[in-house]
Amino acid sequence: MTSLEKTATTGGPAPQGLDARLVVDRGAFRLDVTLTAAPGEVLALLGPNGAGKTTALRALAGLTPLTAGHLRLDGAALDGTPPETRPVGVVFQDYLLFPHLSALDNVAFGPRCRGVPKARARAEAAEWLERMGLAEHAGARPRRLSGGQAQRVALARALATMPRLLLLDEPLAALDARTRLEVRSGLRRHLADFEAVAVLVTHDPLDAMVLADRLVVIEHGGCVQEGTPAEIARRPRTDYIAHLVGLNLYRGRADRHTVRIDGGPAITTTEELSGPAFVAFPPGAVTLHRERPTGSSARNMWQGRVAGLESHGDQIRVDVRGELPLAADLTAVATAELGLHPGAEVWATVKAAQTHAYPD
């Protein structure tokens, strides 16, 4: 078994992964989230700024003490254990590579701190750099590395300690768009090979959707939704999540094929429900008209006024306020043909088949 294999065959019970309830009080802010993950699983923590994502990561790393709760990894309690003795690897947002050390010695630093002899630590570091495609940069110091190369060195340094928990704090945030695409793909491959638990903190929904097996969405210090990327995208439960996945989301009360929105109009759907419900539809499902349409097959129609327009990929996202506040995605040509501008009066239509209703 090589030094790159992450699970030693020592016998005994199988690894149990992460089992944590993180309670941290910091003045008026309280974090209280439960996190579980099996070995080999990548868990992403998503949430707006100030939601508690970084506090949760620091609590897992042992850098912020728990006020209450518990933290167990592979069945062993880590509560109160010093950070340097935990089987935890961390990749920070700005990588925190030692500027005076080469890439090789940066990676060897972790094993050396764990008591591995220098020659063996450097040999293991060379293996990791080769695995990351950085063998030719072993002698380079951080200032000579590109952002993507520095990120891979930081990942190699974290993995070289053979962690049972890998923490990634916004690992792609410092990269430009082109490099981010390339590094995201490589990081996905490395995480797929990682046999222990990985926890990713990010504000980027694409990073979370591509890299994670399961998402935990945190708002105001608590978990508001948890599930696979597909489940979260299909059934968002807060405005923040709906915005992340690009959906118009409303809450109301369903009566068969109609959902009466709280304080607003009704939306006709194809699903049949009864009781509290959410209803959602993508901006691309919205058709805008300058005059009230006649003969339209759309079951849903609302009047509004354009509040703003902005580029959104290769389309224009139109913010409409009125009976039902919504976002609509149009091509630049359609926007121009409609003569849309802030203040323009419009009618919005959505077909019932393009909505999705589900229980609250």
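Two residues count as being in contact when their heavy atoms lie within 4.5 Å. Keep that in mind as you look at this predicted model. Take the contacts in the chain between residues at least 6 apart in sequence: 65% of them join residues at least 24 apart.

Now for the overall picture. The chain has 360 residues, and 49% of them are buried. Its C-alpha trace spans about 80 × 45 × 40 Å along the principal axes. About 17,200 Å² of the chain is exposed, with carbon and sulfur atoms supplying 50% of that area. As you trace the chain, you'll come across nine helices and 18 strands.

Let's pick out one helix, α4, which runs over residues 147–159. How far apart should its ends be? At 1.5 Å a residue, its 13 residues should span 18 Å, and the end C-alpha atoms are indeed 18 Å apart, so the two values agree. Helix α4 is mostly covered, with eleven of its 13 residues buried; among them are Gly148, Val153, Leu155 and Arg157. What does the covering? The cover for these buried residues includes strands β6 (88–91) and β7 (165–169), along with helices α2 (103–113), α3 (118–131) and α5 (177–193).

Next, find the open sheet built from five strands, in the order β13-β17-β14-β15-β16, with antiparallel pairing. At its edges sit β13 (287–289) and β16 (326–330), each pairing on one side only. From one strand to the next, the twist averages 45 degrees. Inside this sheet, β14 (residues 300–312) and β15 (residues 315–322) pair in the antiparallel sense over eight bridges. To see that pairing up close, look for Gly308, which stands opposite Asp319 in β15.

Notes. Residues numbered from 1 in each chain as written. Predicted model: local features only at pLDDT ≥ 70, side-chain atom pairs only at ≥ 80, totals over all residues. Heavy atoms only, no water. Pairing = 2+ DSSP bridges. Helix = DSSP H or I, 4+ residues; strand = E, 2+ residues; numbered from the N terminus. Axes fitted to C-alpha atoms, helices over the stretch in contact; angles between N-to-C directions. Expected span 1.5 Å × (residues − 1). Buried < 20%, exposed > 50% of the residue type's maximum accessible area, 1.4 Å probe, protein only. Areas by Shrake-Rupley, 256 points an atom, 1.4 Å probe, with all protein chains shown as cover.
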